[in-house]
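Let's take a friendly walk through a protein–DNA model and look at how its parts touch one another.

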Number of protein chains: 2
Amino acid sequence: MSKLAEIERRCADHKLRMTKQRRVLLRVIAQAKDHPDIEKLHRRTRFIDPTVSLATIYRTVRLLEGIGVLQRHEFTAGRSCYEVTPKRHHDHLIDVESGSVIEFRCPEIERLQAEIARRYGYRIIDHRLDIYAAPLQSSRKRQSS
Amino acid sequence: MSKLAEIERRCADHKLRMTKQRRVLLRVIAQAKDHPDIEKLHRRTRFIDPTVSLATIYRTVRLLEGIGVLQRHEFTAGRSCYEVTPKRHHDHLIDVESGSVIEFRCPEIERLQAEIARRYGYRIIDHRLDIYAAPLQSSRKRQSS
DNA sequence: ATAAATGCAAAATCTTTGCTGTTCG
DNA sequence: CGAACAGCAAAGATTTTGCATTTAT
């Protein structure tokens, strides 16, 4: 099942009406390989259908976050960006020079977090681990390790 | 050396002028036991000296962040809050019911992060680990474990 | 048919900034 | 004295919302 079809099914499950604007936005979201912010989503959506308004992007993204289709991040202060909620959780390493984002998993860190929460008498609802880092060989082509 | 005196010294080191408004704000900052946002800082400062303006809070907080006296956090979207940069780094567990914040340290997690960054060819500039959690016995007095 | 969704513009929030007058050093 | 700082109000930036109209089911 394609990512797009899967998202559309989840929208249907939640009784969201499939308008033409939403169809376009969902397509943009499903195709995104990065973590676009609202402005990017709007631009990409408009490229396909210039009539889609900014307000609709905001409203729809908010809905999608509400039903768990999208996940919001705040890599830079005062501006949210989004990704389709991944099947398996991952955290993010943000390249402070290029702004690009690397996704990584570390079950060991997850385990330690749960342990910490438990120690204080809590259960984890959510967590966010963002690593801001600079390439070891700055401003050069990076060689593969 | 008191926390306040220490902060004032660091301001002097950076050639910041010690105005009456700053003196009051620094006192508020040094006394804070929580992670106040701009509005709280303004309110507390005004309580001591009602003439201090919001713009001054913003400008001074920004300066203080710049010289490393303050650290900014974004526990809730679209609103920054601050704490005096701690001597030893720690992360945060946010109680999603009360909004209160628990500070914790986990060197093991730090180590794993550094390892991850290195694996991808990066060195860590900064990182943020916020755990959002609910108390195990919700809405009750928590007993010590 | 009707409840939901859209577009537009206005409003709401949070933060920054231009300007003028004041103050620290 | 001169550069830095303060207050105020206006401007920016991002996000939300009221309202009239359109659309999916």
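Below come some notes on the model, then the contact between the protein chains, then each DNA strand.

This is a predicted model, in which local features need pLDDT of at least 70 and side-chain atom pairs count only at pLDDT 80 or more, while totals for chains, interfaces and linings use all residues. Residues are numbered from 1 along each chain as its sequence is written, chains are lettered from A and ligands numbered from 1 in the order in which they are written, and side-chain values use heavy atoms, with hydrogens and water left out.

**Where the two protein chains meet**

The size of an interface is often given as the accessible area lost when the parts come together. Here chain A and chain B bury about 3400 Å², with 66% of that on carbon and sulfur atoms; buried area is the accessible area (1.4 Å probe) that two parts lose on being put together, summed over both. Chain A brings 38 residues to the contact and chain B brings 38 residues, where contact means heavy atoms within 4.5 Å.

Between the chains there are 16 residue pairs in polar contact, both residues at pLDDT 80 or more. A polar contact is a pair of N or O atoms within 3.5 Å; within protein, one must be able to donate a hydrogen and the other to accept it, and residues adjacent in sequence count only if both atoms are side-chain atoms. On the side of chain B that touches chain A, at least two residues each come from strands S1 (70-76), S3 (91-95), S4 (101-104) and S5 (122-135) and from helix H5 (107-119). Helices (H or I, at least four residues) and strands (E, at least two) are DSSP runs, numbered from the N terminus. S5(B) gives the largest share of that side, 14 residues.

By class, this side of chain B holds 22 nonpolar, 5 polar and 11 charged residues. Ala, Val, Leu, Ile, Met, Phe, Trp, Tyr, Cys and Pro count as nonpolar, Asp, Glu, Lys and Arg as charged, and the others, Gly among them, as polar.

S5(B) also pairs with strand S5 (residues 122-135) of chain A, in the antiparallel sense and over 13 bridges; two strands pair if DSSP finds at least two bridges between them. Within this pairing, B:Arg123 is the bridge partner of A:Ala134.

The interface has 2 salt bridges, each a side-chain nitrogen of Lys or Arg within 4 Å of a carboxyl oxygen of Asp or Glu. A:Asp130 forms a salt bridge with B:Arg128, with the closest N and O atoms 2.9 Å apart.

**Around the DNA**

A residue is near a strand if one of its heavy atoms lies within 4 Å of it. DNA strand C has 20 residues around it, and A:Thr51, A:Ser53, A:Thr56, B:Tyr58 and B:Arg79 come nearest. DNA strand D has 22, with A:Tyr58, A:Arg79, B:Gln21, B:Thr51 and B:Thr56 nearest. H4(B) supplies the largest share of the surface near DNA strand C, 4 residues, and H4(A) the largest share near DNA strand D, 4 residues.

Some polar contacts with the DNA are set out here.

| Protein residue and atom | DNA atom | Distance |
|---|---|---|
| A:Arg17, side-chain N or O | strand C, base nitrogen | 3.0 Å |
| A:Ser53, side-chain N or O | strand C, phosphate oxygen | 2.7 Å |
| B:Tyr58, side-chain N or O | strand C, phosphate oxygen | 2.6 Å |
| B:Gln21, side-chain N or O | strand D, sugar or linking oxygen | 2.6 Å |
| B:Thr51, backbone N or O | strand D, phosphate oxygen | 2.5 Å |
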